[in-house]
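Q: I would like to learn how to read a structure feature by feature. Could you take me through this one?

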Amino acid sequence: MLIRIPIAFSLLLSALTTAIYLGIPFFNLFQKMSVSLLSFTFIAVSFFIMMAQVMTDGGITNKLMSFCNIVVGRIPGGTAIVNILVSMLFGGISGSSAADVSSIGAMLIPAMVEEGYDADYSVAVTVTSSVEGVIIPPSQNMLFYALASASGISISTLLACGYVPGLMLTLSLAIPALLIAIKKKYPLGKKYSMRENIKIMVETLFGLGAIVVVIIGTTTGICSATETAGIATVYALAVTVFVYKNMSFKKYVEGLKQCIPTMAMAIIAASGAFGYVMFYLKVPQNIATWLLSLTSNPTVLTLLLLLMMLILGCFMDMGIPYSCNSQSAIS
């Protein structure tokens, strides 16, 4: 990775090199690569990414921003708070911080700078608020955790637990944004006429329907997370085609192409082989033994694990721990 080889190839080359040295049959590695992708629940991640892409290409992100502008745009630091609220709503669509930053940041950062906000502050607001996408359902990280967990935790229960912390995070970001705006005298957001307000609110309600589908599906148990994701994706496509009329077949195909790298299928598959090699070499067990030799205090152990995950998270995709965990690495 230091010489800029893609993460997927780096993991696979490492696994293949180790297999050659230890005499591990390549068939075992390829089998683990296939098994890593054969998960019904894992399909939910792909569906949620597709839904976010469809709604972004179909103009729902712009409508969300206009809707949030109506709600909080006319208070100090309105555009910054709009940024935070849109991240909350978009988090309920995509479940990905990366998708949040790439879609919302591309539009709101230049808009904030043009209105008079500092460039570094605009970027900071966008990046910190994007974390809401990881907490507010549907969360890709929660799905990965549920898949990797040996305790058989319910995905619906796990997702339902993200709403209150997500709202608390939104509030904890909005209050400082308001105070900073008052101190630095940042401008107010865009003002709309009453007719424009009504039109924007009506149009936005159709887009927010996708979030309602996700909430109902994940909290009531009517359908699984994967089925909920599929229904929400079809709903989003129907809204963008028949209501907003911004989605063409060509744009839809282009959107699917953009989804493929985000889905990180190659990384997940390569992580399966890498996780198998790690399990074969008992690397997780050795790390656990080393950590226990340092301390037996549960609090200190938790802090050490968090520090290790923080460092690894700087360059490892979130799907890698899932694949390693599926090989019982976490135990």
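Q: Let me start with one residue: is T228 buried or exposed?

A: Happy to start there, with one note: this is a predicted model. The general idea is to look at the relative accessible area, where a value under 20% counts as buried. T228 has a relative accessible area of 1%, so T228 is buried. You will find T228 in helix α13.

Q: Which residues does T228 touch, not counting residues up to four places away in sequence?

A: The idea here is to set aside the close sequence neighbours and see what remains. For T228, that leaves V213, V214, G217, T218 and C223.

Q: Can we try the reading again on another threonine? Why does T79 count as buried?

A: T79 counts as buried because its relative accessibility is 6%. T79 belongs to helix α5, which covers residues 78-94. Leaving aside neighbours within four places in sequence, its contacts are L108, M112, E115, Y117 and G189.

Q: Stepping back, how many helices and strands does the protein chain have?

A: There are 18 helices and zero strands in the protein chain. Of its 331 residues, 46% are buried. It also helps to ask how far apart in sequence the contacting residues lie. Taking contacts between residues at least 6 apart in sequence, 78% join residues at least 24 apart.

Q: What would be an example of two residues far apart along the chain, such as Y280 and I24?

A: Compare the separation along the chain with the separation in space. Y280 and I24 are 256 residues apart along the chain, while their C-alpha atoms are separated by 9.4 Å. Y280 touches I24 and also L22, once residues up to four places away in sequence are not counted. Y280 lies in helix α15, residues 265-280, and counts as partly exposed at 44% relative accessibility.

Q: Now for charges. How many salt bridges does a search of the whole structure find?

A: The general idea is that side chains of opposite charge can pair when their charged atoms come close. In this structure, the search finds two salt bridges. One of them joins D118 and K184, with the closest N and O atoms 3.6 Å apart. This pair links distant parts of the chain, 66 residues apart: D118 is in the loop between α6 (97-115) and α7 (119-129), and K184 is in helix α11, residues 163-184. D118 is partly exposed, at a relative accessible area of 32%, and K184 is partly exposed too, at 48%.

Q: And what separates E254 and K257 in helix α14?

A: E254 and K257 are three residues apart in helix α14, which means about one helical turn separates them. Their side chains meet in a salt bridge, at 3.8 Å from N to O. On the accessibility scale, E254 counts as partly exposed at 36%, whereas K257 counts as exposed at 51%.

Q: What about empty space inside: how many cavities of 30 Å³ or more does a search of the whole structure find?

A: Rolling a probe the size of a water molecule over the atoms shows where empty space is left. Here the search finds one cavity of 30 Å³ or more. The largest cavity holds about 40 Å³ of space.

Q: Which residues line the largest cavity?

A: The lining consists of M50, Q53, V54, D57, M247, K251, Y252, G255, L256 and C259. Next, ask which elements supply them. Both α3 (43-57) and α14 (249-263) supply at least two residues of the lining, and α14 gives the most, with five residues.

Q: Last, the surface. Which residues make the nonpolar surface patch?

A: Start from the whole surface: the protein chain exposes about 17000 Å², with carbon and sulfur atoms supplying 71% of it. Then look for the patch, which is made by M194, I198, V202, F206, F242 and V243 and covers about 610 Å². The elements giving two or more residues to the patch are α12 (194-220) and α13 (225-243). Of the patch residues, α12 gives the most, with four. V243 is found in helix α13 and is partly exposed, with a relative accessible area of 36%.

Definitions and conventions
Residues numbered from 1 in each chain as written. Predicted model: local features only at pLDDT ≥ 70, side-chain atom pairs only at ≥ 80, totals over all residues. Heavy atoms only, no water. Buried < 20%, exposed > 50% of the residue type's maximum accessible area, 1.4 Å probe, protein only. Contact = heavy atoms within 4.5 Å. Patch = residues over 30% accessible without salt bridge, like charges linked within 9 Å, V, L, I, M, F, W, Y side chains within 5 Å. Areas by Shrake-Rupley, 256 points an atom, 1.4 Å probe, with all protein chains shown as cover. Salt bridge = Lys/Arg side-chain N within 4 Å of Asp/Glu carboxyl O. 1 Å grid on protein atoms, 1.4 Å probe; cavity = no way out; pocket = protein on both sides within 12 Å on 5 of 7 lines; lining within 4 Å. Points joined across faces, edges and corners; volume = space filled by probe spheres on them.
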